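This report goes through one protein model, from its sheet to its salt bridges and surface. Please keep the sequence and the structure in view while reading.

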Amino acid sequence: MPELPAYESHLSASAAAFLVGLPRRKQKLVLDLADQLAKNPFRLADYSLMDGGGRTVDNAVMGEFLFTFWVDHAAKEVRITEIIKL
């Protein structure tokens, strides 16, 4: 069976700003979790909401963080719009 092309994770400016504010060890953890989202873009989210632009965004609790994201299958990207520490 052929391997599916890999997806990449992309952080919004807001998610990147959150990441930069973390200690280096937590930065690595968050980036690893973002990569896990990209490796499984078809995963079921914990819940979905509509963003301000009317797009459905998924929310997934991963460890001590909540990731808000949407998947652009055409571009093979997981767009992470927000990360919150729980």
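The sections below cover the sheet, the helices, the salt bridges and a surface patch.

## The sheet

The model is predicted. It contains an open sheet of five strands in the order β1-β5-β4-β3-β2, with mixed pairing. Strands β1 (8–11) and β2 are at the edges and have a single partner strand each, so one side of each has no neighbour in the sheet. On average, neighbouring strands are turned by 35° against each other, direction ignored.

Strands of a sheet pair through backbone hydrogen bonds, and the pairing can be parallel or antiparallel. Two antiparallel pairs of this sheet are described next.

## Two antiparallel pairs

Strand β2 (residues 47–50) runs antiparallel to strand β3 (residues 56–62), and four bridges join them. One of the paired positions is M50, whose bridge partner in β3 is T56. The hairpin of β2 and β3 has five residues between the strands. In this hairpin, G54 takes a positive phi near 90°.

Strands β4 and β5 are also antiparallel, joined by eight bridges. Here V71 stands opposite V78, a residue of β5.

## Helices across the sheet

Helix α1 (residues 13–20) lies across β1, β4 and β5. Its direction makes an angle of about 50° with β5.

Helix α2 lies across β1, β3, β4 and β5, and runs at about 35° to β4. This helix also supplies one residue, K26, to a salt bridge treated below.

## Salt bridges

How many salt bridges does the model have? The count comes to four. Among them is the contact between the side chains of K26 and E64, at 2.6 Å from N to O. This pair links distant parts of the chain, with K26 in helix α2 (residues 24–39) and E64 in the loop between β3 and β4 (65–72), 38 residues apart.

The side chain of E64 also meets that of K85 in a salt bridge, at 2.9 Å from N to O. K85 lies in strand β5 and E64 in the loop between β3 and β4, so this pair ties together parts that are 21 residues apart in sequence. K26, E64 and K85 are thus linked in a network of salt bridges.

Is K26 buried or exposed? K26 counts as buried because its relative accessible area is 16%, under the 20% limit. E64, with 26% relative accessibility, is partly exposed. K85 is partly exposed too, with a relative accessible area of 44%, which does not reach the range over 50% that counts as exposed.

Another salt bridge joins R79 and E77, whose closest N and O atoms are 2.6 Å apart. R79 is partly exposed at 30% relative accessibility, whereas E77 is buried, with a relative accessible area of 15%.

## A nonpolar surface patch

Which residues make the nonpolar surface patch? V61, I84 and L86 form it, and the patch covers about 250 Å². L86 lies in the segment after β5 (77–85). L86 is classed as exposed because its relative accessible area is 58%, and exposed residues are those over 50%.

How values were computed. Residues numbered from 1 in each chain as written. Predicted model: local features only at pLDDT ≥ 70, side-chain atom pairs only at ≥ 80, totals over all residues. Heavy atoms only, no water. Pairing = 2+ DSSP bridges. Patch = residues over 30% accessible without salt bridge, like charges linked within 9 Å, V, L, I, M, F, W, Y side chains within 5 Å. Areas by Shrake-Rupley, 256 points an atom, 1.4 Å probe, with all protein chains shown as cover. Buried < 20%, exposed > 50% of the residue type's maximum accessible area, 1.4 Å probe, protein only. Axes fitted to C-alpha atoms, helices over the stretch in contact; angles between N-to-C directions. Contact = heavy atoms within 4.5 Å.
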